[in-house]
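Please open the model in a viewer and keep the sequence panel beside it. The tour below proceeds by selection, one stop after another.

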Amino acid sequence: MDGAGAPMTISIMSPRGGTTRAGDADAGPALCFSGVVHRYRSLVALDHLDLTVARGETLALLGPNGAGKSTAISILLGLQHPQEGEVTVLGTDPRSAMKSGKVGAMLQVGGGSGLPHGVKVGELVTMTSRLYRHPSPIERTLARAGLTALADRQTQRLSGGQAQRLRFALAIAGDPELVFLDEPTVAMDVEGRRSFWAMMNGFAAEGRTVVFATHHLDEADAVADRIVVMRKGVVVANGPPSSIKAAVPTRRVRFVSEGADPEELGELDGVDAACVRGSEVVLDSLDADATVRALVASGVAFSDIEVTGADLEQAFVALTGNLAEVHTVEDAVASHDAGSERAPAL
Amino acid sequence: MTGLGTFLRFEVLRLLRNLRYVGITIGFPVVFYSLFLHNNKPLAHIAGTDWKTYFMVSMASFGAMVAALNAGGTRLAAERASGWTRQLRVTPLPSWSYVTTKISASMVIALPVICVVELTGLLVGGVRLGLGTWAVLTVVLWASALPFAALGVLVGFVASGETAYPLVTALMFLLSFFGGLFTPVTNLPPVLRQVADFLPSYHHASLGWAVVAGRAPAAADAGILLAYSIAFGLAIAWRHHVEEARAFA
């Protein structure tokens, strides 16, 4: 993969027709960054970031560690002030938006549970709901997060996945128009992630705006209307999952062949990488037509050939470059983002 | 603001439900009072009153301090470590409300602790005071417990989840012993007597000792406690500010 290549910029603005909630007078964007710059000492976390999210959109924020995702979210939540540029959230400044109770958030918690001890699930949801002016009914919040049966359980007795669901319940307790989720499914197993996103989809379908950061590219692909890929504080790709994948020239050629030689296959026209596992062969090609012609001409016996587009992971690698060389802002600013050395790919 | 009342009630309920906390907070001063009541002669004269009354004030002061240091220190440090404080920052609650609610919750708990120790004095020690004196004593000890509440929150901000408990325990021991809550400062070597003059615990109990001896509480004691409250408050504000600046800490 050509990591040194200039990051390609794709700009496909096609936010899904914003299903604005009934009775919502101000129909401006849900949030807007314009020319936002944020530095940590010499490190530039956000480099003139421009980004607009329409109301009702579900947006995934992707990028390697240090791309500026967490900084962007912390600014949107009013936890940090941008050093340059402007940020509006629901037509006002981030802090006022938070105070108005129209914004909910689920933050990363590092090592802890993010929850207070000595309190039952139902009580914590009730207390949090009362901090908002127009909360959802408590039973509804519990049901949405799949916590109805756990309402009487003490928070310290919850499993990791249950604690995560409770933190989600706290984020939506105030019936917010806009929800931020910073790596919401971290440390969840496959089933937990599946049911979490099913939950989230139901919530987003009510016309709410959802912005989430994730390292799980399959989640972004399945859930988001639009994906924004960040690298070194700038947006390098912005569009629906399908266009992001389509914009990457890599194609995947897959077939079955006995005794195939990866060295030989790697020499074929257009092939960028060849992988042979038993009788299964996968070629990553920058010119699938030429590769298939060369494969036929080579006389290698094959069957069940299939050519597919790049998956999101390939697109991500192509867009963000060599992942290993990216230094994380979080690391440089000390251990703010504990345990965030997960590989961005699945 | 309705949110603040809800949050304060939530905090107080969580404290009351923690049996270990309630046990330590009520148990320590009550048990110590009952144990050490007879170490001295209960009727021995001291500072214009008798030992049973003097020591009841000492233990009420000790109880208020134990309540506040444990409520603030250990729990706040644990909540910072768990990420709960950050979650609260992404609610409509004003960012200073976490601190003020913690201090308020400590104060709310301190009042019944003072009353329970007074009741122990009345029933176990046979302390007899006029109704007005009981009332004044309670109010004075309670209101002047503010620096302990602030100190507890400050410890919670300075300490980590692991260091908070030993730090609170050390503070409890140092402040109560050198503040003359167990052994009257007059019985301590002169050097330690001077140390006591610098401790909020000594000045807190002194206000109460004056009340039970029928003297007017000294303005100097109140002034020093106020100064401590302000100093701790400023330190909390500074730590809070540092923590806010590190948005993702």
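Is strand 9 (residues 226-231) of chain A largely enclosed by the rest of the structure or open, and why? This strand is largely enclosed by the rest of the structure because six of its six residues are buried. A residue is buried if 20 or more other C-beta atoms lie within 10 Å of its own, exposed if 12 or fewer, and partly exposed in between, with C-beta atoms placed from the backbone. Helices (H or I, at least four residues) and strands (E, at least two) are DSSP runs, numbered from the N terminus.

Two notes apply throughout. Residues are numbered from 1 along each chain as its sequence is written, and chains are lettered from A and ligands numbered from 1 in the order in which they are written. The model is predicted: local features need pLDDT of at least 70 and side-chain atom pairs count only at pLDDT 80 or more, whereas totals for chains, interfaces and linings use all residues.

**Stop 1: strand 9 of chain A and its partners**

Select residues 226-231 of chain A and display the side chains. A:Arg226, A:Val228 and A:Met230 point one way from the strand, A:Ile227, A:Val229 and A:Arg231 point the other way, and all are buried. In a regular strand the side chains alternate between the two faces of the sheet.

Next, add strand 4 (residues 58-62) of chain A, which runs parallel to strand 9 and is joined to it by four bridges; two strands pair if DSSP finds at least two bridges between them. Here A:Leu59 has A:Arg226 as its bridge partner. Then add strand 10 (residues 234-239) of chain A, which is antiparallel to strand 9 and joined to it by five bridges. A:Val229 is matched with A:Ala237 as its bridge partner in strand 10. Strands 9 and 10 of chain A form a hairpin with two residues between them, and A:Lys232 in the turn has a positive phi of about 50 degrees.

**Stop 2: the three-stranded sheet of chain A**

Select strands 3, 2 and 5 of chain A, which form an open sheet in the order 3-2-5 with antiparallel pairing. Strand 3 (43-53) and strand 5 (84-89) are the edge strands, each pairing on one side only. Strand 2 (residues 31-40) and strand 5 are joined by five bridges, and A:Val37 has A:Glu84 as its bridge partner in strand 5.

Continue to A:Leu90, in the loop between strand 5 and helix 2 of chain A. Its phi is near 50 degrees, a positive value in a residue other than glycine. A:Leu90 counts as buried because it has 24 C-beta neighbours inside 10 Å.

**Stop 3: the four-stranded sheet of chain A**

Select strands 12, 13, 11 and 14 of chain A, an open sheet with the order 12-13-11-14 and antiparallel pairing. The edge strands are strand 12 (271-277) and strand 14 (303-309). Strand 12 and strand 13 (residues 280-285) pair over six bridges in the antiparallel sense, and A:Arg277 stands opposite A:Glu280 in strand 13.

**Stop 4: where chain A touches chain B**

Show both chains. How many residues of chain A are in contact with chain B? There are 28, in contact with 24 residues of chain B; two residues are in contact if their C-beta atoms, placed from the backbone, lie within 7 Å. On the side of chain A that touches chain B, helix 3 of chain A gives the most, with three residues.

**Stop 5: chain B**

Select helix 2 (residues 19-36) of chain B, which has 18 residues. The helix bends by about 35 degrees at B:Gly27, and B:Pro29 follows within four residues; the bend is the angle between axes fitted to the seven residues ending there and the seven starting there. Buried residues in this helix include B:Tyr21, B:Phe28 and B:Tyr33.

Move to B:Ala47, in the loop between strand 1 (45-46) and strand 2 (49-50) of chain B. B:Ala47 has a positive phi of about 45 degrees although it is not a glycine. With 18 C-beta neighbours inside 10 Å, B:Ala47 counts as partly exposed.

Finish at B:Leu141 in helix 6 (residues 131-143) of chain B. B:Leu141 counts as buried, with 26 C-beta neighbours inside 10 Å. B:Leu141 and B:Val57 are 84 residues apart in sequence and 8.5 Å apart in space, C-alpha to C-alpha. Leaving aside neighbours within four places in sequence, the contacts of B:Leu141 include B:Ala60, B:Ile114 and B:Gly208.

Note on methods
Expected span 1.5 Å × (residues − 1).
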